[in-house]
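Dear colleague,

I am passing on the structure we spoke about, together with some notes on what turned up when I went through it. Please keep the coordinates open beside this message while you read.

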Amino acid sequence: MDLDKSDLGKPMDSLTDVAGIRVGHASRSGDGWLTGTTVVLAPEGGAVAAVDVRGGGPGTRETDALDPRNLVQRVEAIVLTGGSAYGLDAATGVMNWLEEQGRGFPVGGPGQVVPVVPAACVFDLGRGGDWRARPDAALGREAAQQASTEVAQGNVGAGTGAVAGGMKGGVGTASVQVGAGFTVSALVVVNAVGAVADPNTGVLYGRHFDSEAGPVTYPDPDIHARAQAQLAEARAESTRRQAEATGVPAGPGSGTPAPPPLNTTLAVIATDAGLTRAQAQKLAGTAHDGLARAVRPVHLLHDGDTVFALATGEKPLPDDPFPAMLAANEILAAGADVLTRAIVRAVEAAEPVDGPGGTFPSYRQLYGA
């Protein structure tokens, strides 16, 4: 078996710094498409998993299985996908692929397994111009087959059609080590109704909480003013193009109000710590604090903000209750911090898109490096 960077213990500042975790992307763009699917594979045998859903308009699958009161203890994969609720079909392709590998919840003899694959979706329908161009089971299978320790960022996978406050969103990832060598990492799909940059200054909100990036640098006021004007024009043009693509006029002068933005930010927080299912659920919950630092506002009625947590259990917590509590607290705090940084990286990695479904400038296009 060939060793990769993760196996050799070289941190890559990504979700896969937690040993055994793999990430695969499958993307479609052009000819009406602007969407994709991202699969997070747990180590063989699965990982303890949990979820915390705080958006008012979520699209999810198999999240009830993650309730600590229920039967399934470990899951083999998490699916993040575009295509709104239609795109949840991507999880079927991942299930079928896992079954072929003999991975899943055993329900009978050899090979008789049912893979439990929790999934959540972002709204990106029509952003490529074709309302019906959305992920299916085949795209989910493709993403699972592509899974590796190398994690691409920006306009890939479930972030292909992501938009954040009118700017291009995407996929971002980051990791950190805490305490006695526990690794905590995050992968996020930034597709937010709220803004990721302060409209008064242009600084990414998450930058204020990124101690590794050094002092916050503020854009020149003239650059910021031009960026805000370009962003407003892009939003208006995107509304016009989407109305043209659907045949339903909307916005000023049409007599029909512009449709409300339908978005969602999704994340997976992973750790090699031996967390219980209840502790993993707490990790998913506290990670939402990191989302709230980097996106404003969050958790609205037309958001579907969802955070999953995976704990591989490679490194047990201390046996003594008090040191174990202190270690768990460090992991919980790190989950929020690393999610904030992953959001910043997603926005900075995103590339602009200009197509029939809308024009979405990137942060770097508006503000430079």
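The notes below take up the helix packing, then the salt bridges, and finally a patch on the surface.

Please bear in mind throughout that this is a predicted model.

I begin with two helices, H1, which covers residues 90-100, and H2, which covers residues 137-145; they pack with their axes 6 Å apart and at an angle of about 50 degrees. Because that angle falls neither under 35 degrees nor in the range from 65 to 115, H1 and H2 are oblique to each other, and the crossing that they make is right-handed.

A salt bridge also connects this pair of helices, for the side chains of Arg141 and Glu100 meet with an N to O distance of 2.6 Å. Arg141 belongs to helix H2 and Glu100 to helix H1, so that the contact links distant parts of the chain, 41 residues apart. As for their surroundings, Arg141 is partly exposed, at a relative accessible area of 24%, whereas Glu100 is exposed, at 53%.

The count of salt bridges comes to 14, and two others deserve a description here. In helix H3, which runs over residues 221-246, Arg240 and Glu237 lie 3 residues apart, or about one turn of the helix, and their side chains meet in a salt bridge of 2.7 Å from N to O. Both residues count as partly exposed, with a relative accessibility of 42% for Arg240 and 22% for Glu237. This pair does not stand alone, since salt bridges with shared partners join Glu237, Arg240, Arg241 and Asp354 into one network.

The other is the salt bridge between Arg54 and Asp52, whose closest N and O atoms are 2.9 Å apart. Here Asp52 is buried, because its relative accessible area of 15% is under the 20% limit, while Arg54 is partly exposed, at 36%.

Lastly, which residues form a nonpolar patch on the surface? They are Leu71, Phe105, Val107 and Val114, and together they have about 360 Å² of accessible area. Of these, Val107 is found in the loop between strand S7 (105-106) and strand S8 (113-114), and it counts as exposed because its relative accessible area, 54%, is over 50%.

With best regards

Note on methods
Residues numbered from 1 in each chain as written. Predicted model: local features only at pLDDT ≥ 70, side-chain atom pairs only at ≥ 80, totals over all residues. Heavy atoms only, no water. Patch = residues over 30% accessible without salt bridge, like charges linked within 9 Å, V, L, I, M, F, W, Y side chains within 5 Å. Areas by Shrake-Rupley, 256 points an atom, 1.4 Å probe, with all protein chains shown as cover. Salt bridge = Lys/Arg side-chain N within 4 Å of Asp/Glu carboxyl O. Helix = DSSP H or I, 4+ residues; strand = E, 2+ residues; numbered from the N terminus. Buried < 20%, exposed > 50% of the residue type's maximum accessible area, 1.4 Å probe, protein only. Axes fitted to C-alpha atoms, helices over the stretch in contact; angles between N-to-C directions. Parallel < 35°, antiparallel > 145°, perpendicular 65-115°, else oblique. Left-handed = near helix turned anticlockwise from the far one by under 90°.
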